[in-house]
Structures are given as structure tokens and as C-alpha cells.
Amino acid sequence: MLQVFPDSRRLGKQLSGTPISLTLIWLSAIILIRISDFLIESFFHTLESDYAILQTAKYTRRKIRINTISSAIRGINLVVCIFTALVFSLSLFDVPVATVLAGAGIIGFAVSFGSQNLIKDLIAGISNLMSDAFAINDFVLIGEFEGVVEDTNLFVTRIRCPNGDLVTIPNGAIGTVCNQTKDWSRVDYSVMVAADADPKKAIAVLQQVALGLYHDPWWHPKMLQAPELKGIEEVSHQGILIRIWLKTLPGEQWDVARELRLRVKVAFESQEIAIGVPQQQWLMAGTSSFDEDEKESAITDREK
């Protein structure tokens with residue numbers, strides 16, 4: 001624009017020099033990255049708000065997925081903007097961009113044979129985003145590591161373990177994923193009562209405790225449906241195993257399970273329902289090989 005007018009033409013030629021142009025290119029790239037990130041965040045925030053208005057059961061999951069995809073797109077946007085600025089910068093020095101890109105393609109093809117793991121991570125990262133196997137803030141079990149997903153992109157996934165360790169896992173190394181907080185969670189609670197306890201009474205007390213927890217104003221919003229009593233799962237020398245399920249919001253199963261165990265313990269003690277313990281029995285074929293102390297010890301163990 002300065003070169004259009006005679007009075008400012010000289011200034012325009014000075015400003016169009018290589019140093020100034022190079023500075024403007026990278027300054028424009030930075031501004032473009034900022035604007036693009038703002039537009040991406042605004043778009044996904046609007047999309048998240050639309051889901052919030054619906055208030056569906058899967059709203060929380062969609063919110064987590066939106067944040068994960070938004071983070072990945074911002075990373076791609078950063079790479080594209082930097083690459084574009086680099087191409088324009090090379091053109092200022094009369095470097096044939098087409099030749100450079102062709103050479104870079106050949107070099108990249110050659111390097112790809114030595115970077116198969118990197119390509120594998122990239123493909124696996126895209127697959128994870130498409131399949132929604134896990135997302136940011138999910139509690140997952142991947143191999144021998146479990147924890148909360150703090151960050152995931154097209155190449156690596158970072159998990160914060162319960163002890164505070166941050167584990168970085170290449171996406172290509174991710175196999176089977178156990179996601180404990182997707183859509184909904186469940187408390188799978190089993191309690192062993194004594195073999196001589198009244199099973200009907202124990203079942204009734206357990207169901208009453210679970211229903212009391214479900215109807216509690218503090219805990220009710222964390223639970224998606226009424227407790228599902230499964231009944232007696234096992235009868236053995238240890239006692240009678242009773243099982244119950246409680247369906248909860250994602251990530252709330254641990255708090256609900258702790259409160260349930262506390263209430264069951266208190267209720268069983270008040271109703272005098274004993275917890276099951278292993279039973280052992282000692283059989284003595286004769287008394288010739290036992291002295292008096294050994295016989296007393298054997299009788300005591302049998303009574304226990």
C-alpha cells in the first residue's frame with residue numbers, strides 16, 4: 001500500500017526488505033495461532049453449551065470428549081501455522097519451495113523407515129480420538145499403570161497415578177484399556193457373613209442400608225438408579241457371601257463404596273450379624289503321639 005503512492009514509495013520499499021518481512025511473517029504466525037486457538041475454543045465452548053442445555057445422561061462424557069478433541073486440534077493448528085511460516089520464510093531467500101518440499105518428502109519417506117514407532121503412535125492417537133476409548137480426566141488402567149488421564153495428544157498419553165507419579169505412554173504402546181469412568185460407574189460390593197448367621201436377616205439389613213444410602217439427600221445425586229441386590233453368591237466354610245450393585249455417576253463409585261461399607265459395618269454390629277471368618281478343624285487319630293500340652297493346643301484351635 002505504501003508503494004502505491006509516490007511520496008511513500010521509498011518507505012514501502014524499505015519496509016518490504018527481508019528482515020522486516022521475516023519479522024512480519026513470524027509475527028503474523030503468532031497472531032494467527034492465537035486467533036485460531038481462540039476460535040477453536042469458542043466453537044467447542046458453544047458446542048459444549050448446547051449439550052449442557054440438553055442435560056442428557058451422556059452430557060458429562062461429551063464434555064470430556066470435547067475437551068480432548070479441542071486439545072488435539074490446537075496442537076495440529078500449531079504445527080500447521082509454524083510450517084506455513086517456515087515456507088514463507090524460505091521464499092524470502094529465493095529458496096525454491098517446491099524443490100524443498102519434494103526433497104523433504106523424499107527425506108521423510110526415508111526417515112519413516114527409522115521412525116516407524118512415531119508413525120505407529122500417530123495412527124494409534126488418531127484411533128483413540130475416533131473410538132473414544134478414553135479422554136482427559138478419565139480414570140483408566142493401561143497395562144500395569146492406572147490413574148487419571150491428564151493429557152493426551154496424537155503421540156503420547158500422560159497418566160497421573162494415585163501416588164502422584166506422572167506416566168507418559170506412547171500411543172502405539174497402548175493395548176487394552178480399562179476405563180472405569182466412562183458414561184457411568186458401578187459399586188460391586190460383596191460382604192461375607194458368618195456361616196451360622198440368618199441369611200434372610202443379613203440380606204434384609206444389607207438392602208435396607210443400601211436403600212437408605214440411595215435416598216440420602218447428599219448421596220442420591222451421585223447414584224443413577226436404586227440398588228440392585230444380587231443375593232447369595234457363595235456358601236463356604238468361611239461363611240455366606242452376599243452381593244449388591246449400585247450404579248453411580250462416573251468416578252463416584254469409590255466415595256459411594258466407602259460410605260456403604262461404613263454403614264454396613266455399623267448396621268451389622270447393631271443387628272448382631274457376625275462377619276464370616278475361615279473355619280479350621282483339627283482331627284486327632286490317637287493320643288499316643290501327643291503330650292498334654294499338644295492336646296490342649298489342638299482342642300483350643302478346634303474350638304476357635
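Good morning. A residue counts as exposed when its relative accessible area is over 50%, as buried when that value is under 20%, and as partly exposed in between. With 75% relative accessibility, Glu272 therefore falls in the exposed class. I should state at once that the structure before you is a predicted model.

Let me stay with Glu272 for a moment. This residue lies in the loop that links helix H7 and helix H8, the latter spanning 292–303. Its phi angle is near 60°, which is a positive value in a residue other than glycine. Asp183 presents a similar topic. Phi of Asp183 is near 70°, again positive in a residue that is not glycine. Asp183 belongs to the loop between strand E5, residues 177–179, and strand E6. Because its relative accessibility is 31%, Asp183 is classed as partly exposed.

I turn now to the sheet that contains strand E5. In what order do the strands of the open sheet of 5 strands stand? The order is E4-E3-E2-E1-E5, and the pairing is antiparallel. Strand E4, residues 166–170, and strand E5 are at the edges with a single partner strand each, so one side of each has no neighbour in the sheet. On average, neighbouring strands of this sheet are turned by 40° against each other, direction ignored.

We can walk through this sheet pair by pair. Strand E1, residues 139–142, is joined to strand E2, residues 145–152, by 4 bridges, and the two run antiparallel. Within that pairing, Leu141 has Glu146 of E2 as its bridge partner. The hairpin of E1 and E2 has 2 residues between the strands, and Gly143 in this hairpin adopts a positive phi near 65°. Next, E2 is connected to strand E3, residues 156–160, through a hairpin of 3 residues. E2 and E3 run antiparallel and are joined by 4 bridges. Here Val149 is bridged to Ile159 in E3. Finally, E3 pairs with E4 over 5 bridges, in the antiparallel sense. In E4, Leu166 is the residue opposite Arg160.

The second sheet comes next. This is an open sheet of 3 strands in the order E6-E8-E7, also with antiparallel pairing. Its edge strands are E6, residues 185–193, and E7, residues 228–236, and each pairs on one side only. Neighbouring strands of this sheet are turned by 20° against each other on average, direction ignored. Helix H6, residues 199–214, packs on the sheet and touches E6, E7 and E8, with its direction at about 20° to that of E8. Helix H7, residues 253–270, also packs on the sheet, where it touches E6 and E8, and its direction makes about 25° with that of E6.

As for the pairing of E6 with strand E8, residues 239–248, the two run antiparallel and 9 bridges join them. One pair of bridge partners is Val193 and Ile240, the latter in E8.

A residue in strand E6 deserves a closer look, namely Arg186. Is Arg186 exposed or partly exposed? At 36% relative accessibility, Arg186 is counted as partly exposed. Its C-alpha atom is separated by 5.6 Å from that of Leu246, although their positions lie 60 residues apart along the chain. Leaving aside residues up to four places away in sequence, Arg186 touches Trp245, Leu246, Lys247, Thr248 and Gln253.

My last topic is the pair of helices. Two packed helices are described by the angle between their axes and by the distance between the axes. For H6 and H7, the packing angle is about 135° and the axes are 10 Å apart. H6 and H7 are therefore oblique to each other. The crossing of H6 past H7 is right-handed. On the H6 side, the contact is made by Ala202, Val205, Leu206, Val209, Ala210, Gly212 and Leu213. On the H7 side, the contact residues are Val256, Glu259, Leu260, Arg263, Val264, Ala267 and Phe268. Sorted by class, this contact comprises 11 nonpolar, 1 polar and 2 charged residues.

To close, I would leave you with the two sheets: one with the order E4-E3-E2-E1-E5, and one with the order E6-E8-E7, on which H6 and H7 pack. Thank you for your attention.

Technical notes
Residues numbered from 1 in each chain as written. Predicted model: local features only at pLDDT ≥ 70, side-chain atom pairs only at ≥ 80, totals over all residues. Heavy atoms only, no water. Pairing = 2+ DSSP bridges. Axes fitted to C-alpha atoms, helices over the stretch in contact; angles between N-to-C directions. Contact = heavy atoms within 4.5 Å. Parallel < 35°, antiparallel > 145°, perpendicular 65-115°, else oblique. Left-handed = near helix turned anticlockwise from the far one by under 90°. Nonpolar A, V, L, I, M, F, W, Y, C, P; charged D, E, K, R; others polar. Buried < 20%, exposed > 50% of the residue type's maximum accessible area, 1.4 Å probe, protein only.
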